[in-house]
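Morning, everyone. Let me put the structure up, and then I'll walk through it piece by piece.

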Amino acid sequence: SSTSLKKQKLEGVESFIQKVIDDAVNCIRKESRYGDFLNSCVLSGLDNVKGNRATILLSDEDLRYSGSINDAINRKGYTLVTCISTDDRVKSGGAMVIDDEAEVIYNNTVERIVYRKKEEIRRVIVRSLKEPGECGEG
């Protein structure tokens, strides 16, 4: 039936979208701009910290960027005390920033960013899958 065909097509598109997202997440660390991206994940989290202490959580793989992150923090003129640690929750990349006094977590992991932007990513992929000149839905 046309309903099952449409459902099958939709499931195929969803599967393709998830594969594109997974591939992008797996490749992100190989990108030359990843260090700058990681710094921005940390700094945007620190912008929200109200207390005087913050913990920055990174993946084991990203701990090598600690020096660069500390330099970015110093350049920005933050006066709060920061501690960088590793955490498995950040394995996909990006960072989590914890306001130690307020006990608030600012989640800027790649996984969370993708989740927040998933509909936007989906629209771009679906639009690019449509053949030039194709109109309408389906």
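Start with T109, which sits in strand β4, residues 104–109. Before going further: this is a predicted model. T109 is buried, because its relative accessibility is 2%, and the cut-off for buried is under 20%. Its side chain makes a polar contact with the side chain of N107, at 2.8 Å. Now look past the neighbours within four places in sequence. There, T109 is in contact with R89, V90, S92, G93, G94, A95 and M96.

Keep two of those names in mind, G93 and G94. D62 touches both of them as well.

So, D62. Where is it? Find the loop between β1 and α3; D62 is there. Buried or exposed? Buried, because its relative accessibility is 0%. The side chain of D62 has a polar contact with the side chain of Y34, at 2.5 Å. Leaving out residues up to four places away in sequence, D62 touches R29, Y34, L38, G93 and G94.

R29 deserves a closer look. R29 and D62 form a salt bridge, with the closest N and O atoms 2.9 Å apart. That pair links distant parts of the chain. R29 is in the loop between α1 and α2, D62 is in the loop between β1 and α3, and 33 residues separate them. R29 counts as buried, because its relative accessibility is 14%. D62, again, is buried at 0%.

On to the other salt bridges. How many does a search of the whole structure find? Seven. I'll show two more. E31 pairs with R33, closest N and O atoms 2.9 Å apart. E31 is partly exposed, with a relative accessible area of 36%. R33 counts as exposed, at 58% relative accessibility. Then there is R89 with D87, 3.0 Å from N to O. R89 is partly exposed, with a relative accessible area of 48%. There is also a network: salt bridges that share partners join R29, E61 and D62. And R89 you have met already, in the contact list of T109.

Next, helix α2. It runs over residues 34–46, 13 residues in all. From first C-alpha to last, α2 reaches 18 Å. That is close to the 18 Å expected at 1.5 Å a residue. Which residues of α2 are buried? Y34, G35, L38, N39, C41, V42, L43, G45 and L46. Two of these, Y34 and L38, are also touched by D62. What covers the buried residues of α2? The cover includes three helix and strand elements from the earlier part of the list: β1 (53–58), α3 (66–76) and β2 (81–86). It also includes β3 (94–99), β4 and α4 (110–129). So that β4, the strand holding T109, is part of the cover because the two are in contact, meaning heavy atoms within 4.5 Å.

Now a backbone detail. Find E103, in the loop between β3 and β4. Phi of E103 is near 55°, a positive value in a residue other than glycine. Most residues other than glycine have a negative phi. E103 is exposed, because its relative accessible area is 68%, and the cut-off for exposed is over 50%.

Last stop, helices α1 and α4. V126 is in α4. V126 counts as partly exposed, at 24% relative accessibility. Which residues does V126 contact, beyond its neighbours within four places in sequence? V13 and I17. V126 and V13 are 113 residues apart along the chain, yet their C-alpha atoms are separated by 7.7 Å.

Stay with the surface for a moment. F16, V20 and L129 form a nonpolar patch there. Together they have about 230 Å² of accessible area. V20 is in helix α1, residues 2–27. At 31% relative accessibility, V20 counts as partly exposed.

To recap the pair I would look at again: R29 and D62, joined by a salt bridge. R29 is buried at 14%, and D62 is buried at 0%.

Notes:
Residues are numbered from 1 along each chain as its sequence is written. This is a predicted model: local features need pLDDT of at least 70, side-chain atom pairs count only at pLDDT 80 or more; totals for chains, interfaces and linings use all residues. Side-chain values use heavy atoms; hydrogens and water are left out. Helices (H or I, at least four residues) and strands (E, at least two) are DSSP runs, numbered from the N terminus. Buried means under 20% relative accessible area, exposed over 50%, partly exposed in between (1.4 Å probe, protein chains only). A polar contact is a pair of N or O atoms within 3.5 Å; within protein, one must be able to donate a hydrogen and the other to accept it, and residues adjacent in sequence count only if both atoms are side-chain atoms. The expected span of a helix is 1.5 Å times one less than its number of residues. Patches are made of residues with over 30% relative accessible area and no salt bridge: like charges are joined within 9 Å, nonpolar side chains (Val, Leu, Ile, Met, Phe, Trp, Tyr) within 5 Å. Accessible areas come from the Shrake-Rupley method with a 1.4 Å probe; for residues, only the protein chains shown count as cover. A salt bridge is a side-chain nitrogen of Lys or Arg within 4 Å of a carboxyl oxygen of Asp or Glu.
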